[in-house]
Amino acid sequence: MQDIHDAVETDDACALQEKIIDGVWLEWTEFNSWIALNRTKLVRVKSRECLGPFHGGSNCLGDSFKYQYQDAEITVTPVGGAQVSAWRASWSYSKMYDGGLNTHVNGNSCHHTGAADSSRAWVEVYLEKKYLIKSVDMLNRSDCCWTRAEGQKVWVCNGVGDSDCQLCGAVSNPGRGAWDPVICIPGLRGDNIRITNTNAAIQICELKITALVFT
């Protein structure tokens with residue numbers, strides 16, 4: 001490749017005419033920043049240039065661009081620890097994110113706040129760090145009483161407690177044994193998801209928290 005540079009820089013036409021020179025790849029650039037490809041995917045790219053060919057030589061073989069793809073959204077799993085207003089031992093808050101999808105409240109996979117706090121029920125779960133939360137989906141029970149989730153509110157908070165919280169939204173038209181989605185528009189940043197219900201007990205068989213990778 002040095003021969004090519006020397007010939008080009010000195011404008012030595014005779015040197016170039018003496019031999020056929022194939023194209024040679026220059027070094028790859030660094031990957032650029034992630035950009036949105038669509039609503040669910042991010043993409044970034046790096047490139048390289050081909051020097052030559054000269055005087056009938058062959059083009060460089062291979063690609064000029066390399067792409068990397070990444071999901072624009074991730075599912076966030078709460079870290080150990082949570083607080084609730086009250087609950088029965090068999091309906092622990094950890095049931096909300098144990099991976100179980102049994103929607104019968106006695107199927108050992110659902111969280112249920114205690115009856116004593118049915119007018120002020122709340123539960124909060126903690127995240128590893130601050131995320132830009134896009135949505136919180138709650139898997140409702142199927143054996144009975146799924147309409148209790150109507151109006152159930154989801155808050156995105158910073159730190160423990162409700163002193164620094166923003167309302168994401170509320171459940172509307174809850175389904176039997178179905179995922180009840182609450183979407184934060186725009187996304188809200190925090191490290192604590194707090195769920196409240198002033199009309200009935202909270203009953204969640206699984207919790208799915210979706211965050212955006214980049215703001």
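This section describes the disulfides, the salt bridges, one open sheet and the surroundings of E206 in a predicted model.

The structure holds five disulfides. When the bonded cysteines of the protein chain are numbered in sequence order, the pairing reads 1-2, 3-10, 4-5, 6-7, 8-9. Three of these links are described here, beginning with the disulfide formed by C110 and C205, in which the sulfur atoms are 2.0 Å apart. This pair connects distant parts of the chain, 95 residues apart. C110 sits in the loop between β7 (82-84) and β8 (111-112), whereas C205 sits in the loop between β13 (203-204) and β14. The link of C110 and C205 is right-handed, with 90° about the S-S bond, and both cysteines are buried.

A further disulfide joins C168 to C184, with the sulfur atoms 2.1 Å apart. The link of C168 and C184 is left-handed, at -110° about the S-S bond. Because C168 belongs to strand β11 (residues 165-170) and C184 to strand β12 (residues 179-197), the disulfide ties together parts of the chain that are 16 residues apart in sequence. C168 has a relative accessible area of 10% and is therefore buried. C184 is buried as well, at 5% relative accessibility.

The disulfide between C144 and C145 has an S to S distance of 2.4 Å. Its torsion about the S-S bond is about -75°, so the link of C144 and C145 is left-handed. C144 has a relative accessible area of 27% and so counts as partly exposed. C145 is likewise partly exposed, with 24% relative accessibility.

Turning to charged side chains, the structure holds four salt bridges. In one of them, the side chains of E73 and K134 meet at 2.4 Å, N to O. E73 lies in strand β6 (residues 73-76) and K134 in strand β9 (residues 121-139), so this salt bridge ties together parts of the chain that are 61 residues apart in sequence. E73 is partly exposed, its relative accessible area being 24%. K134 is also partly exposed, with a value of 25%.

Two further salt bridges involve strands β9 and β12. The side chains of E124 and R194 form a salt bridge at 2.6 Å, N to O. E124 is in strand β9 and R194 in strand β12, so that distant parts of the chain, 70 residues apart, are linked. E124 is buried, with a relative accessible area of 1%, and R194 is buried too, at 9%. The side chains of K130 and D191 meet in a salt bridge at 3.8 Å, N to O. This pair again links distant parts of the chain, with K130 in strand β9 and D191 in strand β12, 61 residues apart. K130 has 42% relative accessibility and therefore counts as partly exposed.

An open sheet is formed by three strands in the order β2-β3-β5, with antiparallel pairing. Its edge strands are β2 (35-36) and β5 (65-71), each of which pairs on one side only. Strand β3 (residues 41-47) is joined to β5 by seven bridges, and the two strands run antiparallel. K46 stands opposite K66 in β5.

E206 is located in strand β14 (residues 206-212). The residue is buried yet has no salt bridge. K95 carries the nearest side chain of opposite charge, and this side chain is 9.8 Å away, whereas a salt bridge requires a side-chain nitrogen of Lys or Arg within 4 Å of a carboxyl oxygen of Asp or Glu. A polar atom of the E206 side chain does lie 2.9 Å from the backbone nitrogen of G99. When neighbours within four places in sequence are left aside, the contacts of E206 include K95, M96, Y97, D98, G99, G100 and L101. D137, M138, L139 and W179 are also in contact with E206.

How values were computed: Residues numbered from 1 in each chain as written. Predicted model: local features only at pLDDT ≥ 70, side-chain atom pairs only at ≥ 80, totals over all residues. Heavy atoms only, no water. Helix = DSSP H or I, 4+ residues; strand = E, 2+ residues; numbered from the N terminus. Buried < 20%, exposed > 50% of the residue type's maximum accessible area, 1.4 Å probe, protein only. Lys, Arg positive; Asp, Glu negative; His and termini not counted. Polar contact = N/O pair within 3.5 Å; in protein donor to acceptor, adjacent residues only side chain to side chain. Contact = heavy atoms within 4.5 Å. Disulfide = S-S within 2.5 Å. Pairing = 2+ DSSP bridges.
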